[in-house]
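Dear colleague,

Please find below the structure that I am handing over to you. My account of what was found in it follows directly after.

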Amino acid sequence: MPLFTLHEAKLERVGQSNFRTEKELQGLIEANLDEVFKCRLVATEFSTGAQHAGRIDTLALSEESHPVILEYKKIESSSLINQGLFYLAWLHDHRGDFEVAARSAIGDVEIDWSSVRVICIAPTFQKYDLYAAQVMGANLELWTYRLFENQSLYLEEVLRSSLDSTTPDTPSAGLTAGQKAAITRQTGSYTFEEHVAGKPAHIREIALSAQEFILSLDPSIQEAPKKFYVAYKATQNIVCMDIQKKQVLLFLKLDPKETQGPSPIFKDLSEVGHYGTGDFGLYVKTVEEFDTAKPFIEMAYQRIGG
C-alpha cells in the first residue's frame, strides 16, 4: 500500500527506499528492540561454533523471559525461514550457551524455555513460504518491512505460527484431567478455558467479555495463555488478565504516572509485584466495571502502535 503525506488537504505520495545493507536493517532493529518487539538484546552475530558453523543475527529475551531469534533479509529469500528454524534447533540443544550470554548481557535472569520465538524480517515473502511456515510446528513470526524516502519505517506481521499444546502423538481427545495436566507441564502450554474453569459465573462472564473485546480491537492481536495469566499481544503485550475467583485483574501497558485510571478499580502497580506485564492495574468485579475499563484497554492498544 502506498504512503501519503497530508498537507492542507492535499495528498503527496512518498517514494519507497531500502537499506543499503542487511546490517543496517539489523542495527536499527537491535537499537530499538524494546520499542518494536519489547525485547532485550542478548547478542548480535552470535556464533554457533565451529561444528555448526553458523551465526545468529540477533539473540534477544522477551518481556516474559522467552528466548528470541531474529533473522533479517533486505531482499526476498526463501532461505530466511529455513535459516531461522536451523538456529532454533541449535538453540534448543545449547540452552546453556544462551543462558550464559543472557546473564552476561542482562544480568541475573530466569529463562523461560516453554516458548522460543523466531522472528524473520524481510521486504516480502512468497506464498509458498507463508504456507510452509504454517505447517512447520514452531513459534515462527514473519514480518515484512517498508522503508520510505521520508525515513518512515512500516513493519507488518504477515504470519504467526504457534505450537499447539499437544502434538499428533498426544491427542487431547479422550485424555483424563491428569493426563492433560501432565502434557501441560511438559509443553508449558495453557488454555483460556483452564483459566476460567471453576470460576463463578459472573467472573467467567467478565473474562469472556474481556476476551471478546480485546480480540475485536485488531485481528493481529494474539491470545497467549500462561500459567498464571492470559496475555494479549501484538508486537508486545497489551493486556494481561489474571482471572481470580472474586475479581478479574487487568494489567495494561499504560504508565500509571501519566494516565489516571477510573476510581475505585484503578491501582498503580509500578511498585507492586504481580503476574503478567503492565503497571496500570484495573481490578474488575462486575460487568459494569469492565465497561469502565474498555476505553483504557483501547488506549493501551493505541499506545503500542495499534
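Helix 10 places its buried residues against helix 9 (201–216), strand 12 (237–243), strand 13 (248–252) and strand 15 (280–284). The residues of helix 10 that are buried are Phe290, Ala293, Phe296, Ile297, Ala300 and Tyr301. Please bear in mind throughout that this is a predicted model.

The length of helix 10 can be checked against expectation. The helix covers residues 287–303, and at 1.5 Å a residue its 17 residues should span 24 Å; the C-alpha atoms at its ends are 25 Å apart, so the two values agree. Helix 10 is nevertheless bent, by about 35 degrees at alanine 293. A proline, proline 295, follows within four residues of that bend. Alanine 293 is itself among the buried residues of the helix.

Phe296 of helix 10 also takes part in an aromatic cluster, together with Phe266 and Phe280. A further ring contact involves a charged residue: lysine 267 lies over the face of tyrosine 283, at 4.4 Å from the ring centre.

With ring centres required to lie within 6.5 Å, the count of aromatic pairs comes to nine. One of these joins phenylalanine 86 and tyrosine 87, whose ring centres are 5.9 Å apart; the planes stand at 50 degrees, and the pair therefore counts as tilted. How buried or exposed are the two partners, phenylalanine 86 and tyrosine 87? Phenylalanine 86 has 45% relative accessibility and so counts as partly exposed, whereas tyrosine 87, at 6%, counts as buried.

Another aromatic pair, phenylalanine 98 with tryptophan 113, is edge-to-face, with 5.6 Å from centre to centre and 75 degrees between the planes. This pair links distant parts of the chain, 15 residues apart: phenylalanine 98 belongs to helix 5 (residues 95–105), and tryptophan 113 to the loop between helix 5 and strand 7 (117–122). Phenylalanine 98 counts as buried because its relative accessibility is 0%. Tryptophan 113, at 14% relative accessibility, also counts as buried, since the cut-off for buried is under 20%.

Strand 8 (residues 140–148) offers two further residues to examine, the former being leucine 142 and the latter threonine 144. Leucine 142 has a relative accessible area of 0% and is therefore buried. Which residues does leucine 142 touch, not counting those up to four places away in sequence? They are Ile81, Cys120, Phe125, Asp129, Leu130, Ala133, Glu156, Glu157, Val158 and Leu159. Of these, isoleucine 81 is 61 residues from leucine 142 in sequence, while their C-alpha atoms are 8.4 Å apart in space.

Threonine 144 has 11% relative accessibility and so counts as buried. Leaving aside neighbours within four places in sequence, threonine 144 is in contact with Ala122, Pro123, Thr124, Phe125, Tyr154, Leu155, Glu156 and Val158.

Finally, some values for the chain as a whole. Its secondary structure comprises 10 helices and 15 strands. Of the 306 residues in the chain, 45% are buried. Among contacts between residues at least 6 apart in sequence, 55% join residues at least 24 apart. The chain exposes about 16000 Å², and 50% of that area is supplied by carbon and sulfur atoms.

Yours sincerely

Note on methods: Residues are numbered from 1 along each chain as its sequence is written. This is a predicted model: local features need pLDDT of at least 70, side-chain atom pairs count only at pLDDT 80 or more; totals for chains, interfaces and linings use all residues. Side-chain values use heavy atoms; hydrogens and water are left out. Helices (H or I, at least four residues) and strands (E, at least two) are DSSP runs, numbered from the N terminus. The expected span of a helix is 1.5 Å times one less than its number of residues. The bend at a residue is the angle between axes fitted to the seven residues ending there and the seven starting there. Buried means under 20% relative accessible area, exposed over 50%, partly exposed in between (1.4 Å probe, protein chains only). Contact means heavy atoms within 4.5 Å. Rings of Phe, Tyr and Trp (its six-membered ring) pair if their centres lie within 6.5 Å; planes under 30 degrees apart count as stacked, over 60 as edge-to-face and the rest as tilted. A charge sits over a ring if NZ of Lys or CZ of Arg is within 6 Å of the ring centre and within 35 degrees of the ring normal. Accessible areas come from the Shrake-Rupley method with a 1.4 Å probe; for residues, only the protein chains shown count as cover.
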